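Subject: Structure handover

Hi,

Here is the structure we talked about. Please open it alongside this note; my findings follow below.

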Amino acid sequence: MRQPPSGMYKAGALLEHKEGNLPAHSRGTAKVGLGVSMELAVGILGTGSELPEKVLTNFDLEKMVNTSDQWITERTGIKERRQAAPHETTSTLSVKASRKALAMAGITPENLDLIICATISPDMPLPSTAALIQRDLGARACCAFDLAAACSGFLFGMTVAEQFIRNGKYKYVLVIGAEVLSRYVDYQDRKTCVIFGDGVAAAVLGPVTPPSGILASDLHTEGQHANHLYIPAGGTASPASHETVTRGDHYIKMRGNELFKVAVRNMEEVSRRVMEKAQICPNQIDLFVPHQANQRINEAVRERLGVVPEKVYSNIDRIGNTSSASIPICLDECVRSGRLKKGDLILMAAFGAGVTWGAVLMRW
Ligand code: ACO
């Protein structure tokens, strides 16, 4: 994996972020300490993922709800997904994924300056899942918080981490996309239970040597469509009670076909925007990793962008939709299988509840 440039952030050293060959939007000057002056780019130093062992196939779902393997496969591309065991939680899976990412990055938990856990299925309303991860990883008392942007959460988290590293405040940031959505899914609702799965992945972000690193990112939220995908109860609007549980209001409710249209349009637009910012054409992209919500959504986005099918990564058949974990799980699979190579241009785009959407373009 990419190692941070030697000499950076050494006590008393000056890190000056010059305007060399970085794209216009990401140029700037950041000074950290006194001494050496060098360019700063922010990239991924290590990845790791963790999936629950239990596999829930379409055939299993056929026995639970009025659906069929054929319908699920044709409408979503999903064949199976993972389901956490009762003892597994968002934080326990996150700790395992994080240890793998830290090992690949060659750093220890004590080196972390910030932990961001992107999740919409936290262990509990409070404290944050990030705090539990920090405790169980044995990280020092660094800053740690959760970020709720649903399926776009990992890209939101990466972009937040990038700012802290670029401005010199932090060196190593752990960004985790973590979901145990099976605890929030109604297995009697065929419109939702067939698409969601459990899984976690983490990435260590830190300084890298240009031209590697994040080239452009673009994030959006439009609360107008909040009711297309939500969990009605369990918060201040409708605290948990016997009535809310009887109504099943603690489960995910989704207007899938409404989201479908917005997802295709927004993922295409935001992907174009980051490519424009970095002055990159679609045919220069080596790997396109879209959020794995629905194979048909991704196929439509790919076609509109004009990216060839061989450059699109998909694991939706095996993993389903793991919301914020979806993109980092793909990333980890690509890194470990050698699909992603140094110098590759990678485009990631996501869409989710909120609604939120975003894209990050980076050179590996
Ligand atoms: N099995 C069989 N039939 C089904 C199932 C099922 N699992 N689910 C729905 N149907 C039926 C419906 O009842 C409907 O029947 P009707 O015409 O008799 O009323 C018919 O199939 C069509 O239903 P639609 O909801 O229109 O099906 P659609 O093709 O839109 O597929 C799906 C549904 C898979 C949910 C799709 O809309 C989708 O993927 N949407 C996007 C989801 C998304 O991107 N979410 C955001 C990210 S997730 C996050 O942020 C946490």
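Let me start with helix 4. Helix 4 (residues 129-137) lies across strand 6, strand 7 and strand 8. Its direction is at about 130° to strand 6.

Some ground rules. This is a predicted model: local features need pLDDT of at least 70, side-chain atom pairs count only at pLDDT 80 or more, and totals for chains, interfaces and linings use all residues. Residues are numbered from 1 along each chain as its sequence is written.

Terms, briefly. Helices (H or I, at least four residues) and strands (E, at least two) are DSSP runs, numbered from the N terminus. Lying across rests on contacts, with C-beta atoms, placed from the backbone, within 7 Å. Axes are lines fitted to C-alpha atoms, for helices over the stretch in contact, and angles run from 0 to 180 degrees between N-to-C directions.

The sheet. Five strands form an open sheet with mixed pairing, in the order 3-9-8-6-7. Two strands pair if DSSP finds at least two bridges between them. The edges are strand 3 (41-50) and strand 7 (143-147), each paired on one side only. Neighbouring strands are turned by 20° against each other on average, direction ignored.

Strand 9 (residues 198-208) pairs antiparallel with strand 8 (residues 173-180) over eight bridges. Strand 9 also pairs antiparallel with strand 3, over nine bridges. Look at Ala203 in strand 9: Ala203 is the bridge partner of Val175 and of Thr47.

Strand 3 is mostly covered, with ten of its ten residues buried (20 or more other C-beta atoms within 10 Å of a residue's own, C-beta atoms placed from the backbone). Helix 3 (residues 90-105) lies across strand 3, strand 6 (114-118), strand 8 and strand 9. Helix 3 runs at about 130° to strand 3.

Helix 8. Helix 8 (residues 256-277) has 22 residues and reaches 31 Å from first C-alpha to last. That is close to the 32 Å expected at 1.5 Å a residue (1.5 Å times one less than the number of residues). Its buried residues include Leu259, Asn266 and Met275. Gln279 follows helix 8, with a positive phi near 55°.

The ligand. Which residues are closest to the ligand? They are Thr67, Ala150, Gly256, Asn294 and Gly352, out of 24 that surround the ligand (C-beta atom, placed from the backbone, within 6 Å). Helix 8 gives the largest share of this shell, five residues.

Best wishes

Conventions:
Two residues are in contact if their C-beta atoms, placed from the backbone, lie within 7 Å. A residue is buried if 20 or more other C-beta atoms lie within 10 Å of its own, exposed if 12 or fewer, and partly exposed in between; C-beta atoms are placed from the backbone.
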